[in-house]
Amino acid sequence: MQNLDSDLLRTFIAVAESGSVTEGAVRIHRSQSATSLQVKRLETILGQPVFERHGRGIVLSDTGHRLLPVAQEVTARLDAALQDMSQNTIAGKLRLAIPDDHGRAKLSEIIAAFSRLHPRVELEVTCALSTGFPEALEKGLFDLAIYEVEQPGNHEEILFEDPTCWVASAARDFQTEENLPVALFDHACWWRDSAINSLNSRGKPYRVVYSSQSVSGVIAAVEAGIAVGMLGRSSLHSGLSVVNNKLGLPTTPGSKLVMAGPDLQETETREAMRAAIRSAFRVMA
């Protein structure tokens, strides 16, 4: 009789959650060819495909949809059992801060991965605007924080780099606008400063018609066609277009998403969370 190996299930989960063999391989630190072979081995055991090709990626087959919740439950219980029986079980409390815009996409993945391996750690998570995170770290209010900077310091580990550019709705042409309408962040931060410096360098009049505290708010204004906005290239989709050259706007600095902790001796709990965060953002990078 053939058995479902937990290693095959973990490979299946990684590919299923990322929607790509390539990105799934990155998650489990294997080569693409080794990951593909494991998927084929799983399909041979089951006698049915677990994925179907869809455009440039893959989607779950009917068998894959049935297998995924079982695989997730089995691997989670195995991880929990290992941690519970291990003499090196990590316990305690960890305070994590993550920016609201990135938090919605990544927070559940980070918490799931960390809690599965370290169920005895109590998590206290702040998901909000990140401009105050560095100061809060200095005051000892967080154990780890993720936030965006233009230039990282020595203690800040880069998780993701995102070039910025001026973006407009593909359905709206701003070239004839004498007084360019713009959407900006409404709080003091390097994003707002860089946008204003870029607009001033253009040497033509502009007017702020929309302000928001978040990236999603600026995106909404740009998508609505009421203004141009400075955004990260990761925010682009088919309905938006880069307009730096069309409007004579200079290149803007890139954004760097970083992770940092207090200037203290590293703890097992903090290092375990760092590993979970790195894993969650590795595919994004």
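How many helices and strands does the protein chain have? A few notes on that and on what else caught my eye.

1. Overall make-up. Bear in mind that this is a predicted model. The protein chain has ten helices and twelve strands. Its C-alpha trace spans about 75 × 50 × 25 Å along the principal axes. Of the 285 residues, 44% are buried. Counting contacts with a separation of 6 or more, 73% are between residues 24 or more positions apart.

2. Surface and charge. About 15,100 Å² of the protein chain is exposed, and carbon and sulfur atoms supply 48% of that area. There are 28 positive and 34 negative charges, and the mean positions of the two sets are 4 Å apart.

3. The main core. The largest nonpolar core holds 28 residues, and those touching the most other members are Trp 166, Leu 180, Val 182, Val 228, Leu 231 and Leu 247. As for which elements feed this core, β7, β8, α7, α8 (215-223) and β10 (228-232) give two or more residues each. Leu 231 is worth clicking on: beyond its neighbours within four places in sequence, Leu 231 is in contact with Pro 163, Thr 164, Cys 165, Val 167, Trp 191, Val 215, Val 218, Ile 219 and Val 222.

4. The other core. There is also a second, separate core, made of 20 residues. Leu 94, Leu 107, Val 121 and Leu 159 are among them.

5. Aromatic pairs, part one. The structure holds four aromatic pairs. Take Phe 12 and Phe 51: the ring centres are 5.5 Å apart and the planes sit at 40°, so this pair is tilted. What I like here is the sequence gap, with Phe 12 in helix α1 (residues 6-18) and Phe 51 in strand β1 (residues 51-54), 39 residues apart, so that the pair links distant parts of the chain. Are these two rings buried or exposed? Phe 12 has a relative accessible area of 1% and is buried. Phe 51, at 12%, is buried as well, because anything under 20% counts as such.

6. Aromatic pairs, part two. Trp 190 and Trp 191 make another tilted pair, at 5.3 Å centre to centre with 35° between the planes. Both Trp 190 and Trp 191 are buried. Phe 185 joins these two tryptophans in one aromatic cluster. Recall that Trp 191 is also one of the contacts of Leu 231.

7. Ser 194. Where does Ser 194 lie? Ser 194 is in helix α7 (residues 190-202). Its relative accessibility is 9%, so Ser 194 counts as buried. Setting aside neighbours within four places in sequence, Ser 194 is in contact with Glu 150, Met 230 and Pro 253.

8. Glu 178. For contrast, look at the loop between β7 (164-169) and β8 (180-185), where Glu 178 is placed. At 71% relative accessibility Glu 178 counts as exposed, because the cut-off is over 50%. The C-alpha atoms of Glu 178 and Tyr 206 are separated by 7.9 Å, although the two residues are 28 residues apart along the chain. The strands on either side of this loop, β7 and β8, are among the elements giving two or more residues to the 28-residue core.

Conventions. Residues numbered from 1 in each chain as written. Predicted model: local features only at pLDDT ≥ 70, side-chain atom pairs only at ≥ 80, totals over all residues. Heavy atoms only, no water. Phe/Tyr/Trp six-rings, centres within 6.5 Å; stacked < 30°, edge-to-face > 60°. Helix = DSSP H or I, 4+ residues; strand = E, 2+ residues; numbered from the N terminus. Buried < 20%, exposed > 50% of the residue type's maximum accessible area, 1.4 Å probe, protein only. Contact = heavy atoms within 4.5 Å. Areas by Shrake-Rupley, 256 points an atom, 1.4 Å probe, with all protein chains shown as cover. Lys, Arg positive; Asp, Glu negative; His and termini not counted. Charge placed at Lys NZ, Arg CZ, Asp CG, Glu CD. Core = buried A, V, L, I, M, F, W, Y, C linked by side-chain atoms within 4.5 Å.
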